[in-house]
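Colleague: I'm new to reading models like this one. Could you pick one strand, look at it closely, and then show me what else is going on around the model?

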Amino acid sequence: MTTQITSARPASSATTVGRPGFAWALPAALFFALFAIVPLIMVAVLSFMSWDGISPPRFTGTDNWSRLLDDPVMLKSIWLTLLLTALGVLLQTPLSIVLGVWAAGHQRNRAVLSVIYFIPLLLSATAVSVLWRALLDPNFGIPADAAWLFGDGNLFGEQATAIGVLAFVSTWQFTPFHTLIYQGAARAIPQVLYQAAEIDGAGRYRQFFHITLPQLRNAMITSMILMIVGGLTTFETVLILTQGGPGTDTTISAYYMYDKAFKGFDYGTGSAIALALVVASTIISLIVVRVSGYDKMRGSAEGVS
Amino acid sequence: MKTRARLPRLVATGATLALALSLSACGDGDGGASGDDGKIHVLVYGDATNKVEKQLVDTFNKTSDVKVVLDTIPGADYQQKLQTIINTPQAPDVFFNWGGGSIKPFVKAGLLLPLDDFIKKNPDLENKFLPSVFNNAVVDGKPYGVPMRGTQPVLLFHNKKVLDEAGVEPPKTWDELLDAVGKLKDEGVTPIALGGGDVWPTQMWFQYLYDRIAGPELFQKALGGDKSAWESPDSKKALDMIRELVDTGAFGKNYDSVKYTNGGSVQLVAAGKAGFELMGSWYYSQQLTDHPEFAEKDLGYTAFPAVEGGKGDQANVAGNTNNYYSVMKKTKHPEAVAEFLKLMYSDQFVKAQMDIGNLPTTTNTDKFIETSGTPEYSRFQYDLVADAPSFQLSWDQAYPQKASSDMHKAVQQFFNGQLDTDGFIKAMQALPTE
Amino acid sequence: MRRRPNYLAGAGSLLWLFLVGLPLYVMLAATLRTRQDYAENGPVSLPDSFTLDNYTRAFDSGFGQYFFNTLVVTACVIGIVLLLVPPLAYAIVRSRGRTTSAIFRLFLLGLAIPAQAVIVPMFYLISEAGLYDNLLGVILPTAAFCLPMSALILSGAMRDISPELYEAMAMDGATPRRMFFQLVVPLSRGGLSTIVVFSALQAWNGFLFPLVLTQSDSTKVVTLGLYNFQTAHGIDIPGLLGAVVLSMVPILLVYLFARRALVQGLMGVGGK
């Protein structure tokens with residue numbers, strides 16, 4: 001009896017005693033601030049200056065910014081970045097969901113195949129890009145043997161196909177990661193839901209669309225945030241696979257930043273682009289998080305028990 | 001129960017961290033290039049020739065009190081890296097470069113040591129090298145670099161068998177080339193292999209055509225800041241000729257997806273699917289490594305064809321004149337550096353370079369040609385370079401580094417039709433010349 | 001419960017197997033062929049030769065040292081992440097304070113910062129700190145950039161710990177510290193394994209930081225070593241891929257060991 005009385009009062013003591021203070025989060029925050037935030041601030045400052053790495057930096061105000069706004073390559077790069085990101089999300093999401101749900105099943109062969117599917121993620125961007133560039137050589141790679149599919153094989157010489165290759169390679173490399181997220185989430189779906197649906201006579205596809213997908217909501221949000229941010233900051237693949245070409249046809253903003261800063265030795269403009277990228281992806285992440293209520297960390301297990 | 005399992009793990013993590021920190025501390029002692037550690041740091045482009053560079057360093061270190069440490073940076077990022085560190089304590093004492101525009105900004109910033117003092121004390125440091133090559137590292141009248149590798153003129157290579165089957169002779173003039181292209185197309189092969197995916201092979205065509213039609217003066221003028229050079233009738237003529245060549249299908253259709261750097265275009269020629277390839281002289285040893293049977297029997301080479309009515313001397317050569325060692329003003333051991341540089345015209349150097357297929361540009365190279373691995377080829381190259389009135393440095397090296405990205409874009413876009421003649425001219429005019 | 005075989009899913013997974021399997025096969029096959037064979041016949045053809053030369057070539061060019069360096073970097077990055085992230089995630093999930101909430105937002109936003117955007121100031125920071133060309137100069141920034149994702153993953157995993165368990169411990173008079181070590185850490189093993197694998201991947205395949213922040217051979221990591229294989233004049237795809245395969249093996253082993261925990265860990269990210 002006494003125990004029940006104590007627990008009946010949502011012990012104010014329990015609320016204040018049991019919780020960690022922000023001191024727990026401080027070390028990580030400070031470390032991160034030093035190595036990520038401080039450089040970011042420096043980048044912001046640098047975006048208002050002109051510097052080539054040899055002579056000292058000169059303050060030039062909004063010069064870099066106004067030049068960027070007039071630069072057709074910059075505008076093109078923004079459009080390309082959005083396009084590639086959207087393509088990535090559209091390609092990877094259904095694929096990862098299907099593969100993730102499939103992999104959640106407990107059959108033995110699925111476990112073995114899952115290992116194989118995971119390997120692309122383990123490879124570095126250099127490895128992946130070198131491999132695919134060799135595989136897609138128009139004269140000696142796959143396109144040579146499959147002209148019915150690839151035409152004259154000029155995949156890297158046309159904008160549309162170059163973008164397609166980039167989207168494909170990113171998908172190839174990162175789908176395993178998102179598959180894993182969905183696999184974990186799918187495993188966590190309580191079987192009772194499916195059993196109840198069976199009793200009600202729902203077929204496989206209805207079960208998928210009315211049970212599986214809604215239960216994967218949180219996973220989808222996480223996965224999409226990661227895909228969007230990843231898409232906005234994709235860089236190594238472009239660097240090694242197409243170098244922004246042909247011409248400037250696959251020059252996404254992140255690559256343009258590198259091009260300006262490290263090839264053109266115009267660190268001021270490069271920093272401006274970098275800052276713009278960070279701001280853009282921050283805003284997008286904020287929107288997605290706010291709209292989905294992610295930061296309130298709602299569970300999707302309501303109504304189950 | 002589970003807590004017990006946690007503790008050892010944390011301890012293990014902590015231990016690893018501590019161990020790593022101490023290891024890194026060790027690394028700091030001998031790895032760092034910062035500050036003065038009593039050694040000379042020589043920075044080179046990372047590739048197969050490093051063997052020779054290491055050899056020379058070892059030889060030098062045997063007799064010198066001040067030791068040399070050789071640092072390499074992977075080729076693709078060499079220039080970026082160099083520019084990042086050149087004005088910091090991490091800068092090397094001596095570094096590899098391409099002369100011309102690759103060192104001009106550094107000279108202007110007052111970072112490089114003019115070598116005329118070294119040369120006064122030791123005139124061999126200048127006169128043991130072929131003049132056309134040595135002059136490429138002269139900026140504003142002062143020498144800033146000593147050649148340290150081999151010369152790399154661009155030659156027109158061909159597959160003898162493919163040409164024979166099409167009834168084509170290696171072309172000596174531009175018209176003969178166009179004719180050959182037509183015949184090769186009829187045979188169903190790609191007339192000219194091109195690694196368009198890398199863009200710099202495409203650029204080689206511009207280099208030669210401009211030189212043949214207008215002579216080297218046009219480019220020199222443009223480099224000097226005179227933008228009207230690009231608009232001149234000669235320039236437009238060169239562009240028209242390039243356009244004509246591309247439009248006849250000489251390069252096939254998918255050249256932008258083919259790369260030289262992954263062996264794509266090399267294989268095209270070796271497998272008999274293409275007739276020609278315009279490439280630097282390293283092409284020969286590349287083919288020898290990848291396709292030895294083909295290279296030994298059927299690989300042919302000529303100089304770039306002459307263009308009738310062209311103002312340029314038809315014996316001119318374009319390509320990479322050589323690579324150079326330049327010296328930083330702030331080096332703490334200039335005498336040791338001067339001694340080190342002497343090795344660059346030594347017999348040992350010449351022999352070692354030739355053993356790996358490079359052709360040095362020293363006056364004593366002639367002696368060793370007969371004993372090199374590829375005597376005929378070396379003789380051809382050497383005579384070509386020695387007799388050339390002018391040696392045009394690759395455009396992306398002649399211009400300052402920061403122009404190369406935009407230059408490549410313009411080159412690629414003109415070739416595949418995204419830019420027309422006027423567009424190309426404008427793009428080139430927009431390039432920074434210092 | 002009847003289980004009709006799912007043909008659609010089966011077909012889909014077969015297609016994906018082909019798309020993944022073919023390149024992997026090509027890669028492995030290329031490493032076991034001679035350079036001439038590869039150059040003559042192209043990547044997709046059946047091998048005509050067998051050799052282990054490509055692997056020995058990789059070792060000859062110094063991969064032993066690169067492997068060791070990469071191992072050190074990876075171990076240290078994992079160490080730092082394991083030290084900093086669990087307390088952080090614990091605070092994110094359990095603390096009601098506004099500071100912690102702000103810190104969480106900070107890390108969420110941190111996800112959006114690409115490493116290459118801050119690389120130039122990073123170079124100067126590291127160089128001023130005297131850590132240039134030193135493995136520590138690579139370890140610290142790499143670890144810092146692992147933090148946002150790890151925080152996201154681990155806090156997701158920790159969210160699953162039911163509040164009743166905390167309350168039960170609170171009634172026993174437990175301090176937050178005790179709850180952390182006795183409840184939270186043991187129950188988030190899945191999440192911990194996930195962030196270990198994730199950070200290990202970042203560190204092992206990290207490229208940009210080592211490229212800009214190291215210089216000499218003694219501090220080179222494997223990714224830089226791979227890059228060395230690619231130069232304008234020396235094309236050696238089988239050798240390059242041999243080095244790639246070698247570089248992949250350790251991380252593959254880590255993955256195989258941590259697989260089960262990995263799936264469990266990411267379960268929490270998806271949310272229940």
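Modeller: Sure! One idea first: two strands count as paired if DSSP finds at least two bridges between them. Keep in mind, too, that this is a predicted model.

Let's zoom in on strand S12 of chain B, which covers residues 324-327. Who are its partners? One is strand S3 (residues 94-97) of chain B, which pairs with S12(B) in the antiparallel sense over four bridges. You can find one of the residue matches yourself: B:Val94 has B:Val327 as its bridge partner in S12(B). Another partner is strand S6 (residues 146-147) of chain B, and this pairing is also antiparallel, with two bridges. Here, look for B:Pro147, which stands opposite B:Tyr324 in S12(B).

Now turn the strand over in your mind. In a regular strand the side chains alternate between the two faces of the sheet. For S12(B), that puts B:Tyr324 and B:Ser326 on one side, and B:Tyr325 and B:Val327 on the other. Are those residues buried or exposed? All four are buried, and both faces of the strand are covered.

Let's step back to chain B as a whole. Its domain assignment gives two domains, and each comes in two pieces of sequence: domain 1 is 34-150 + 322-383, while domain 2 is 152-319 + 399-429. Taken over C-alpha atoms, the centres of the two domains of chain B are 29 Å apart. Where they touch, domain 1 of chain B contributes 13 residues and domain 2 of chain B contributes nine. On the domain 1 side, the elements giving two or more residues are helix H3 (78-85), helix H4 (104-108) and helix H20 (375-387) of chain B. H20(B) has the largest share there, with three residues. Sort that side of domain 1 by residue type and you get four nonpolar, eight polar and one charged.

A helix makes a nice counterpart to our strand, and H11 (residues 216-223) of chain B is a good one to try. Its buried residues are B:Leu218, B:Phe219, B:Ala222 and B:Leu223. Looking down the axis of H11(B), you'd see those buried residues fall within an arc of 135 degrees, so they line one face of the helix. What covers them? The list includes helix H10 (200-214), helix H12 (228-231), helix H13 (233-247), strand S13 (391-393) and helix H21 (395-398) of chain B. Just after H11(B) comes B:Gly225, with a positive phi of about 110 degrees.

Over in chain C, have a look at helix H5 (residues 119-128), which is mostly covered, with seven of its 10 residues buried. Among the buried ones are C:Ile119, C:Met122, C:Phe123 and C:Ile126. H5(C) is followed by C:Gly130, and its phi is positive as well, near 75 degrees.

Last stop: where chain C meets chain A. That contact takes 79 residues from chain C and 78 from chain A. On the chain C side, helix H12 (residues 237-270) of chain C gives the most, with 14 residues. By type, that side of chain C splits into 59 nonpolar, 15 polar and five charged residues.

Technical notes: Residues are numbered from 1 along each chain as its sequence is written. Chains are lettered from A and ligands numbered from 1 in the order in which they are written. This is a predicted model: local features need pLDDT of at least 70, side-chain atom pairs count only at pLDDT 80 or more; totals for chains, interfaces and linings use all residues. Two residues are in contact if their C-beta atoms, placed from the backbone, lie within 7 Å. Ala, Val, Leu, Ile, Met, Phe, Trp, Tyr, Cys and Pro count as nonpolar, Asp, Glu, Lys and Arg as charged, and the others, Gly among them, as polar. A residue is buried if 20 or more other C-beta atoms lie within 10 Å of its own, exposed if 12 or fewer, and partly exposed in between; C-beta atoms are placed from the backbone. Domain bounds come from an automatic or database domain assignment. The arc is that of the directions from the helix axis to the C-beta atoms.
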